[in-house]
Amino acid sequence: MTNPIYIDQKEILKHYKEPDKHTHKGIQGHALIIGGSYGKIGAVSLSSKACLKTGCGLVSVFIPKCGYTILQTAIPEVMVLTDIQEEIISNITFEITPQAIGIGPGLGQAVETQNALYEFLKRNTIPLVIDADALNIISNNKKLLALVKPKTVITPHPKELERLIGKWDSEEEKMSRTISLSKQYDVIIVMKGAPTRIIDGETVYENTTGNAALATAGTGDVLTGMISSLLAQSYEPVSAAILGVYLHGLTADIALPETGYQSFIASDVIANIGKAFLSLEKQE
Ligand SMILES: NC(=O)C1=CN([C@@H]2O[C@H](COP(=O)(O)OP(=O)(O)OC[C@H]3O[C@@H](n4cnc5c(N)ncnc54)[C@H](OP(=O)(O)O)[C@@H]3O)[C@@H](O)[C@H]2O)[C@@H](O)CC1
Ligand SMILES: Nc1ncnc2c1ncn2[C@@H]1O[C@H](COP(=O)(O)OP(=O)(O)O)[C@@H](O)[C@H]1O
Ligand SMILES: [Mg+2]
């Protein structure tokens, strides 16, 4: 394997941009999270809240109608757009112009949703993070990969990666196939795991934060919101992926002494994003 670049404090400070005192919500980035289906609206709640807590000025979600009251009640700061269907997403249309989009958490894989994703990928030119069921739909129809724009960030967990690149027999094979995929489509691949690695063509980054407390439902949905937020704030896609993965892991390191491994949940990632950011400020 190519020697990785370790994502530690020193590396992070090359990417991190301090907030501008004179900024306002209108220039702080608007992100859109697209996902959710009946019973999985929580994935979008987690993702959009994490997006806000990572510094974006405005966050909107696009969800099926059944999630409207849930989202508006759970996170009043988030704006809600709904699909025409009650329980699934069937037609992704919106009149806003976000600076970044995250798609996939809780999305489901209904046929109508597959078609909606196809139409969306054909049209979309906005910086994008693709996760979860959006990746699974692409894996079932690999022609969709050709519609994914350069420098899109994709965030597969090991099973989602296997669905994309096929089974591997060794770590070397997994890495070389992932690098090939990244080069072929010019995409940034966040290979989630322990540790998480980020592949940008031949360049491999390896994260140094995080622990097994993260092995709990929804922490990946939170990561999608965090990377989408940084993309909307004008970070380059690879920097958004690096900083998002580092901060996400750091929340678990910060929380561990209080929660232990067992009682840490995805909402604890969100609750500790602020402390993770503050630890960057202190080092300057
Ligand atoms: N509250 C909500 O609304 C939530 C909604 N969610 C939404 O649900 C949808 C389905 O997503 P999902 O990831 O749960 O299902 P899926 O893709 O079948 O993968 C599961 C299988 O993958 C594997 N695997 C996973 N991690 C691994 C690892 N580190 N290391 C090794 N293997 C690993 C493991 O497979 P096994 O090893 O058992 O063969 C496991 O059984 C998606 O839209 C998501 O956003 C969830 O986020 C939860 C909270
Ligand atoms: N043992 C572990 N050590 C470190 N990080 C982990 C561990 N298990 C899971 N994670 C992290 O937790 C997240 C899980 O993402 P994912 O599987 O997509 O969850 P979900 O779909 O439930 O939101 C990833 O960022 C992964 O790197
Ligand atoms: Mg996931």
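Which helix gives the most residues to the shell around ligand 2? I looked this up at the start. Helix α8, residues 219-232, gives the most, with 4 residues. I note here that the model is predicted.

**Entry: ligand 2**

I listed what surrounds ligand 2. There are 17 residues around ligand 2, and His-157, Ala-194, Leu-214, Ala-215 and Gly-220 come nearest. I then sorted the shell around ligand 2 by class. I got 7 nonpolar, 8 polar and 2 charged residues.

**Entry: ligand 1**

I did the same for ligand 1. It also has a shell, with 17 residues around ligand 1. Lys-40, Gly-42, Ala-43, Ala-132 and Lys-159 come nearest. I checked which elements give two or more residues to this shell: they are α2 (41-53), α5 (132-140), α6 and α8. The largest share comes from α6, with 3 residues. By class, I found 6 nonpolar, 6 polar and 5 charged residues around ligand 1.

**Entry: a first set of binding-site positions**

I turned to the UniProt record. Its unreviewed entry places "binding site" at Ala-43, Gly-106, His-157 and Asp-221. I picked two of these to look up.

Gly-106 sits in the loop between β5 (100-103) and α4 (111-123). Is Gly-106 buried or exposed? I count 27 other C-beta atoms within 10 Å of Gly-106, so Gly-106 is buried. I then looked for its contacts, setting aside neighbours within four places in sequence. Gly-106 is in contact with Gly-35, Gly-36, Ser-37, Lys-40, Ile-41, Ala-43 and Val-44. Ala-43 is listed by the record as well.

His-157 lies in a loop too, between β7 (153-154) and α6 (158-165). Here I count 18 other C-beta atoms within 10 Å, so His-157 is partly exposed. Beyond its neighbours within four places in sequence, His-157 is in contact with Lys-192 and Gly-220. Gly-220 is among the residues that come nearest to ligand 2, as is His-157 itself.

**Entry: a second set of binding-site positions**

The unreviewed UniProt entry also lists Lys-192, Gly-193, Ala-194, Pro-195, Thr-196 and Gly-220 for "binding site". These are spread over 29 residues of sequence, yet they cluster in space. The largest C-alpha distance among them is 13.7 Å.

I looked up two of them. Gly-193 lies in the loop between β8 (188-191) and β9 (197-200). Ala-194 is found in the loop between β8 and β9. How many C-beta neighbours does Gly-193 have inside 10 Å? I count 13, so Gly-193 is partly exposed. Ala-194 has 12 other C-beta atoms within 10 Å, so Ala-194 is exposed. The cut-off explains the split: a residue counts as exposed at 12 or fewer.

**Entry: helix α7**

I checked the length of α7, residues 171-185. It has 15 residues, and at 1.5 Å a residue the helix should span 21 Å. The step I needed was to multiply 1.5 Å by one less than the number of residues. The end C-alpha atoms of α7 are 21 Å apart, which agrees.

Which residues of α7 are buried? I found Lys-174, Thr-178 and Ser-182. Seen down the axis of α7, the buried residues fall within an arc of 65°, so they line one face of the helix. An α-helix has 3.6 residues a turn, so residues three or four places apart point the same way. The buried residues of α7 pack against α6, β8 and β9. On the other side of α7, Glu-172 and Gln-184 are exposed.

Last, I looked just past the helix. Asp-186 follows α7, and its phi is positive, near 55°.

How values were computed:
Residues numbered from 1 in each chain as written. Chains lettered and ligands numbered in written order. Predicted model: local features only at pLDDT ≥ 70, side-chain atom pairs only at ≥ 80, totals over all residues. Near = placed C-beta within 6 Å. Nonpolar A, V, L, I, M, F, W, Y, C, P; charged D, E, K, R; others polar. UniProt positions renumbered as here; feature names shortened; annotations may be inferred. Buried ≥ 20, exposed ≤ 12 C-beta atoms within 10 Å, placed from the backbone. Contact = placed C-beta atoms within 7 Å. Arc of directions from axis to C-beta.
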